[in-house]
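Q: Could you take me through the inside of this protein, with a close look at its nonpolar core and at what surrounds it?

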Amino acid sequence: MPLVKLYFTPALLLLMLTCPQVSQSVPVMRKGPLTESCVVYAQMLLQNITETLTQNKLFSGIDCTNQRLELNLKTNTPSVCAPKESCLTNIEEDLRHYYKFLAAQPDPDSLLGPTVLFRLREIMKNCFTGPASEEAAAERESTYEERLSLCKVLKGFQVRSITINRAMSYMNSGEHTK
C-alpha cells in the first residue's frame, strides 16, 4: 500500500477545523440513520459468535480456545472507526467478508446457519445495503484444516465484532455529534 503524504495550507486546515460541515461527521447509513435495533442486531451477532465458538461438535478434534485468531485485514475498521461514513463502510465490508467465508463452510449439522449467518443477514438487511449473495454451504463433513480455519476466523470475527459493537453503540448514543 503506497504511503500518501497530504499537505495542508494553514487556511485549508483552519477551514477544516472550524467549518461545522467539514469538521463534524454525522453517521450516514445507506438505509437511513443508525437505529437502536442495529445496535441490538450487532450485540446479538457477537453473542451468537461467542456461543458458536463453544460448539465442540463444530470444531471436532480441535481445542479452539488454544488457537490463534485470524482477522480480516482487507478492511480498516479499527483504525477508521470514528463516527463517519468510512467507519460504516468498513463495517459493512467486514460483515460481507465474514458472511461470504462462513456461508461457504461445510455445515451439515446447521450450527452456523441458524445462528451466526442468520444474524449476519439480519444486520446487513436492516442496517446496511442488504445481505451478501447466498452461497450454499457444503453438506459434507468438514476436514480438519477447514475446522481449524473456521475456528481461527471465528475468533477473529469475534474480536472484530466487539469493535463493531462499540462503534455502533457510540454512534447510536449521539455523543459524537456534541
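A: Of the 178 residues in the protein chain, 39% are buried, where buried means under 20% relative accessible area, exposed over 50% and partly exposed in between, with a 1.4 Å probe and protein chains only. This is a predicted model, in which local features need pLDDT of at least 70 and side-chain atom pairs count only at pLDDT 80 or more, while totals for chains, interfaces and linings use all residues. Residues are numbered from 1 along each chain as its sequence is written, and side-chain values use heavy atoms, leaving out hydrogens and water.

The chain has seven helices and zero strands; helices (H or I, at least four residues) and strands (E, at least two) are DSSP runs, numbered from the N terminus. The largest nonpolar core, a set of buried Ala, Val, Leu, Ile, Met, Phe, Trp, Tyr and Cys residues joined through side-chain atoms within 4.5 Å, has 38 residues, and among those with the most contacts inside it are Phe59, Ile91 and Phe157. Helices H3 (36-52), H5 (85-103), H6 (113-127) and H7 (144-173) each supply at least two residues of this core, and the largest share, 10 residues, comes from H7.

Leaving aside neighbours within four places in sequence, Ile91 is in contact (heavy atoms within 4.5 Å) with Thr77, Cys81, Phe128, Ile164, Ala167 and Met168.

Ser142 lies in the loop between H6 and H7, and it is buried, with a relative accessible area of 19%. Although Ser142 and Phe59 are 83 residues apart in sequence, their C-alpha atoms are 9.3 Å apart in space.
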